[in-house]
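Student: I have a protein model open and would like to work through it. Can we go step by step?

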Amino acid sequence: MIQPTLVLIKPDGLKKSLTGNILTRLSETKLEIVAAKMAKVTKDLAVKHYEHLKGKPFFDELIRYLMGELHDRKKVLAMVYWGEDAIQKVRELAGATNPEEANPVSIRGQYGRITTKGVYENAIHASTNDIEAEREIKLWFEPDEIILDLYPSKKATITSVEKRVWA
Ligand code: DAT
Ligand code: MG
């Protein structure tokens, strides 16, 4: 099945200069990158991204981790990979959630660690299924930031929106 998946290189991956290595590993999949940007992660975005983990003992620390507060890198590299079995291919390369249980040659097995506060710092996020991928892609990207029309979109006239423009 041809499908998209959301990939994030999380702040620990950026801080450890792993971007190139991780992108090289992901290129083994021969999937296409159809969207990419460096994104500042607000608390609201981090909480929405990990909303399925609300209530877990590590939740607050996980939000701080995704916001870059543990790594002095307040950003993530957000990308949409697209192609045949994209979700499973990227998950396989990423490895298990717990870096200690991940295959040692997977990205998380190679680069992940468990912090003293108990959060799995595992360098990369990858969607687990189609429903999650759609929710996450729509959370991180606007339709015009993606090269393909992945999901139905509509034209909207937005008035009185305040935003920064070049001075
Ligand atoms: P995944 O990122 O493999 O999809 P998830 O969605 O269950 O896993 O969890 C999101 C992140 O939360 C995960 O990448 C690391 C952290 N995490 C999950 N379970 C954890 C646990 N039991 N202890 C510490 N951190 C955990
Ligand atoms: Mg997940």
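Student: Which residue in strand 6 does Ile 9 stand opposite?

Tutor: Keep in mind that this model is predicted. Strand 1 covers 2-9, and strand 1 and strand 6 pair in the antiparallel sense over three bridges. Opposite Ile 9, in strand 6, stands Ile 124.

Student: How many bridges pair strand 1 and strand 3?

Tutor: Take one pair as a start: Gln 3 has Gly 83 as its bridge partner in strand 3. The two strands pair in the antiparallel sense. The number of bridges between strand 1 and strand 3 is eight.

Student: What is the order of the strands in the open sheet?

Tutor: Build it from the pairs. Strand 1 pairs with strand 3, and strand 1 also pairs with strand 6. Seven bridges join strand 2 to strand 3. That gives four strands in the order 2-3-1-6.

Student: Which strands stand at the edges?

Tutor: Look for strands with a single partner strand. Such a strand has one partner, so one side is left without a neighbour in the sheet. The edge strands are strand 2 and strand 6.

Student: Is strand 1 largely enclosed or not, and how many of its residues are buried?

Tutor: Buried means under 20% relative accessible area. Strand 1 is largely enclosed by the rest of the structure, because the buried residues, out of eight, number seven.

Student: What angle does the direction of helix 7 make with that of strand 1?

Tutor: Helix 7 packs on the sheet. The strands touched by helix 7 are strand 1, strand 2, strand 3 and strand 6. Its direction makes an angle with that of strand 1 of about 55°.

Student: Why are the buried residues of helix 7 on the same side?

Tutor: The buried residues are Glu 132, Ala 133, Glu 136, Ile 137 and Trp 140. They are on the same side of helix 7 because the arc they cover around the axis is only 125°.

Student: Where does Ser 127 lie, and is Ser 127 buried or exposed?

Tutor: Strand 6 covers 124-126 and helix 7 covers 130-140. Ser 127 lies in the loop between them. Its relative accessible area is 0%, so Ser 127 is buried.

Student: Which side chain makes a polar contact with the side chain of Ser 127?

Tutor: A polar atom of the Ser 127 side chain also lies 3.0 Å from the backbone nitrogen of Leu 6. For a side-chain partner, turn to helix 7, where one of the buried residues is Glu 136. At 2.7 Å, the polar contact of the Ser 127 side chain is with the side chain of Glu 136.

Key
Residues are numbered from 1 along each chain as its sequence is written. Chains are lettered from A and ligands numbered from 1 in the order in which they are written. This is a predicted model: local features need pLDDT of at least 70, side-chain atom pairs count only at pLDDT 80 or more; totals for chains, interfaces and linings use all residues. Side-chain values use heavy atoms; hydrogens and water are left out. Buried means under 20% relative accessible area, exposed over 50%, partly exposed in between (1.4 Å probe, protein chains only). A polar contact is a pair of N or O atoms within 3.5 Å; within protein, one must be able to donate a hydrogen and the other to accept it, and residues adjacent in sequence count only if both atoms are side-chain atoms. The arc is that of the directions from the helix axis to the C-beta atoms. Two strands pair if DSSP finds at least two bridges between them. Contact means heavy atoms within 4.5 Å. Axes are lines fitted to C-alpha atoms, for helices over the stretch in contact, and angles run from 0 to 180 degrees between N-to-C directions.
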